[in-house]
Amino acid sequence: MLFGPGVLRTTAASVVVDRVVAVVNDEIITLSDLQREDQKKSAAARDEHLVLEDLIDRKLQLAAAKRSGMDVTDPELAEALADIMKRNSMDRKHFDAELAKDGLTYDQYRSELREQITLSRVFNKYVRSGLSLDEAELRAYYDHNRKLYAQPEEIRVRQIFIKLPDNATPEQAAAARKRAGTAYERARKGEDFVGLVRELSESGNAAAGGDLGFMRRDHALPEIEQATRSLKPGEIAGPLKSAAGYHIIRLEEVRTPVTPFDRVKDEIQATLYQQKLENTYRTWLQTLRSDSHIENRL
């Protein structure tokens, strides 16, 4: 049902003698109460003991609302029902028909809606109100959970590039391979790599030292990506043959970027607020329970 509280489904069960399964202060919860509530749950979620604990918590919250004068008046309830029918484009006759499909009468739905509104009010007063998060809390969470905001690993590489001509003859291919081998040997023996780039490289960025800048590891040429996996920063590999030519590379740096705080601030705030809300709710329920007389007879 699109517009209401939990669905109360009827079953053709045999008549069972009712009994008290819990006492909450001066109120009781009967077996029939429990069975009706149990029918609202999906088969996978049914556990009579957990359902009963939920009922006890609800009784405690409704009692807290009553003590605080949060009862929903008949005019307020009538206004809420009228709004639900309006939002769903229903008149009373259509509304009753939809309720009947879910095994509910108008009075049953009205009672459940009153309870829902009351629970919402008491929750807002004792749990939601006053909750706040400051910048320091958000920053602390970000700093302690940087791995959550890590981006794909990036590498920074310099290269000496020896071009392989299009449709190269065997002689041209051999000459390119020889130049690449010579460049690699000179680099391996310790000559200044940037100097070698400027002297030997045939790439457009040779004058700038052959720096390819940071790139995601998986966006690099497959030959370069594979070679860098076994390199440490400062180490050299080559000649690496690609379709374009030969590459002699030096791994400059490896980093794992982290998404900036400002881009994840709202996400962190939502996460921490929900955590704080749940913790406050559990603490409040525990207080209600400790201040109450509860007998679980199930």
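This is a walk through the sheets, helix contacts and nonpolar cores of the structure above. Please keep in mind that the model is predicted.

Let us begin with the open sheet, whose three strands are ordered β2-β1-β7 with antiparallel pairing. β2 (27–30) and β7 (294–296) are the edge strands, each of them pairing on one side only. Ignoring direction, neighbouring strands in this sheet are turned by 20° against each other on average. The link between β1 and β7 consists of three bridges, and these two strands run antiparallel. For a landmark here, look at Ala22, which has Asn296 of β7 opposite. Lying across β1 and β2 you will find α1, which runs at about 60° to β2.

From here it is natural to turn to the interior. In soluble globular proteins, nonpolar side chains tend to be buried together. In this model the largest nonpolar core has 22 residues, and the ones with the most contacts inside it are Ile29, Leu34, Leu52, Ile56, Val122, Trp284 and Leu288. Several elements feed this core: β1 (20–24), α1 (31–38), α2 (48–67), α5 (106–128) and α10 each contribute at least two residues. The largest share belongs to α2, with seven residues. Another core, of 15 residues, lies apart from this one and includes Ala183, Ala187, Phe193 and Tyr246.

Val122 deserves a look of its own. Leaving aside residues up to four places away in sequence, Val122 touches Gln61, Ala64, Ala65, Met70, Val127 and Trp284.

Next come the helix contacts, where α10 is a good guide. Two packed helices are described by the angle between their axes and the distance between the axes. For α2 and α10, the axes come within 10 Å and cross at roughly 80°. Angles of 65 to 115 degrees count as roughly perpendicular, and α2 and α10 are therefore roughly perpendicular to each other. On the α2 side, the residues that meet α10 are Glu53, Ile56, Asp57, Leu60, Gln61, Ala64 and Arg67, while α10 brings Tyr281, Trp284, Leu285, Leu288 and Arg289. By character, the residues of this α2 contact with α10 are seven nonpolar, one polar and four charged.

Helix α10 (residues 261–290) also meets helix α6 (residues 135–144): their axes come within 9 Å and cross at roughly 105°. That crossing makes α6 roughly perpendicular to α10. From α6, the contact draws on Glu135, Glu137, Leu138, Arg139, Tyr141 and Tyr142; from α10, on Phe261, Val264, Lys265, Ile268, Gln269, Thr271, Leu272 and Lys276. Sorting the residues of the α6 contact with α10 gives seven nonpolar, two polar and five charged.

Our last stop is strand β3 (residues 154–163). Nine of its ten residues are buried, so β3 is largely enclosed by the rest of the structure. Strands of a sheet pair through backbone hydrogen bonds, either parallel or antiparallel. With strand β4 (residues 211–216), β3 shares four bridges in an antiparallel arrangement, and there Ile155 has Met215 as its bridge partner. With strand β6 (residues 245–255), β3 pairs over ten bridges, again in the antiparallel sense. Here the bridge partner of Ile162 is Tyr246 in β6. Tyr246 brings us back to the interior, being among the residues of the 15-residue core.

Notes:
Residues are numbered from 1 along each chain as its sequence is written. This is a predicted model: local features need pLDDT of at least 70, side-chain atom pairs count only at pLDDT 80 or more; totals for chains, interfaces and linings use all residues. Side-chain values use heavy atoms; hydrogens and water are left out. Axes are lines fitted to C-alpha atoms, for helices over the stretch in contact, and angles run from 0 to 180 degrees between N-to-C directions. Angles under 35 degrees count as roughly parallel, over 145 as roughly antiparallel, 65 to 115 as roughly perpendicular and the rest as oblique. Contact means heavy atoms within 4.5 Å. Ala, Val, Leu, Ile, Met, Phe, Trp, Tyr, Cys and Pro count as nonpolar, Asp, Glu, Lys and Arg as charged, and the others, Gly among them, as polar. Buried means under 20% relative accessible area, exposed over 50%, partly exposed in between (1.4 Å probe, protein chains only). Two strands pair if DSSP finds at least two bridges between them. A nonpolar core is a set of buried Ala, Val, Leu, Ile, Met, Phe, Trp, Tyr and Cys residues joined through side-chain atoms within 4.5 Å.
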